[in-house]
Amino acid sequence: MFRETVPVSLAAVYERYVFSPVLKLAERRLADVRKELLSQASGQVLEIGIGTGLSLSYYGPHVERIAGLEPSEVLLAECRERVARRHDGPPVELMQAGAEAMPFGANRFDTVVAFLVFCTIPEADRAALEMARVLKPGGRLLFFEHVSAGEPGLARWQQRLNPLWRSLACGCNINRDTRRVFEGAGFDMGGVEVWRHPDIPLPLVQPVIEGNTGLRSAVSELRC
């Protein structure tokens, strides 16, 4: 989830000896969260920041095809290897691209997935607008993101430590208000609250949002 470029020597040391173990621990602890969220995906699916493809084994039988966007060439290579080893599941199309300018036409996907990725996207507002653009009418956004805390004390610490954290954690922002970002792109975030996830080991990244939502116009039409 943290992929922005930092100086090569620092990135290599941090990712190999510090960050990679933390990610693996987080993945083990959040496996059930990922499984539950992705079981709700259906139809044509776009996963933003697919990384090494950890999500692929969690998609259910209602998924017809998966498109995966990933800006990191290294992670994308690992994902391609994972796809090559698969013997079942829906077809997977992988593309090296950022989320701010998606190489897809409008109204393309039934489901868009964002799982611990918006913390690193350089232009998060643009990426959220792109998600709205590529979703079909009535399409769903499935998301799980760590965000800026709702508690003022923790939020202040996130703000103070974000420059250091961002430089060490390959571009991750711990003070990003992703709920606001999604809402600004037109997604219905009513009822979505920031809460602390007990299975995330680091307090600075415990505040999260998660959900299954659509665009406000589509939600309003369904309620009428």
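Colour the chain by secondary structure and follow it from its start: along the sequence the elements come in the pattern α-β-β-α-β-β-α-β-α-α-β-β-α, which amounts to 6 helices and 7 strands. Keep in mind during the tour that this is a predicted model, with a mean pLDDT of 88 for the protein and with 85% of the residues reaching 70 or more.

Before going further, select residues 1-9, where pLDDT stays under 50 and where the model has 29 contacts beyond four places in sequence. Then select residues 219-224, another stretch with pLDDT below 50, for which the model shows 3 contacts beyond near neighbours in sequence.

**The sheet**

Now show the strands alone. In what order do the 7 strands lie in the sheet? They form an open sheet in the order β3-β2-β1-β4-β5-β7-β6, and the pairing is mixed. Strands of a sheet pair through backbone hydrogen bonds, either parallel or antiparallel. Look at β3 (92-95) and β6 (195-196), which stand at the edges and have a single partner strand each, so that one side of each is left without a neighbour in the sheet.

Starting from the edge at β3, step to β2, which runs parallel to β3 and is joined to it by 4 bridges; if you select Leu69, you will find that its bridge partner in β3 is Met95. Select the whole of strand β2 (residues 63-69) next: 5 of its 7 residues are buried, so this strand is largely enclosed by the rest of the structure.

The next step leads to β1, which pairs with β2 in the parallel sense over 6 bridges, and here Leu46 has Ala67 in β2 as its bridge partner. Strand β1 (residues 43-48) also pairs with strand β4 (residues 109-115), again in the parallel sense, over 4 bridges; select Ile48 and you will see it stand opposite Ala114 in β4.

**Two loop residues beside β4**

Select Asn107, which lies in the loop between β3 and β4 and has a positive phi of about 55° although it is not a glycine. Then select Leu116, found in the loop between β4 and α3, whose phi is also positive, near 50°, in a residue other than glycine. Which of these is buried and which is partly exposed? Asn107 is partly exposed, with a relative accessible area of 45%, whereas Leu116, at 11% relative accessibility, counts as buried.

**The helices α3 and α4**

Bring helix α3 (residues 124-134) into view, and notice that it lies across β1, β4 and β5 (135-146), running at about 145° to β5.

Move on to helix α4 (residues 152-168), whose 17 residues should span 24 Å at 1.5 Å a residue, a value that agrees with the 24 Å between its end C-alpha atoms. Along this helix, stop at Asn162, where there is a kink of about 55°, shortly before the proline Pro163. Which residues of α4 are buried? They are Leu154, Ala155, Gln158, Asn162 and Trp165, and the buried residues of α4 pack against β6 and β7 (207-213). Just after α4, select Cys170, which has a positive phi near 55°.

**The whole protein**

Finally, show everything again and colour by burial: buried residues make up 50% of the 224 residues in the protein. Of the contacts with a separation of 6 or more, 72% come from residues 24 or more positions apart.

Key: Residues numbered from 1 in each chain as written. Predicted model: local features only at pLDDT ≥ 70, side-chain atom pairs only at ≥ 80, totals over all residues. Heavy atoms only, no water. Pairing = 2+ DSSP bridges. Contact = heavy atoms within 4.5 Å. Axes fitted to C-alpha atoms, helices over the stretch in contact; angles between N-to-C directions. Expected span 1.5 Å × (residues − 1). Bend = angle between axes of the 7 residues up to and from the residue. Buried < 20%, exposed > 50% of the residue type's maximum accessible area, 1.4 Å probe, protein only. pLDDT = per-residue confidence, 0-100.
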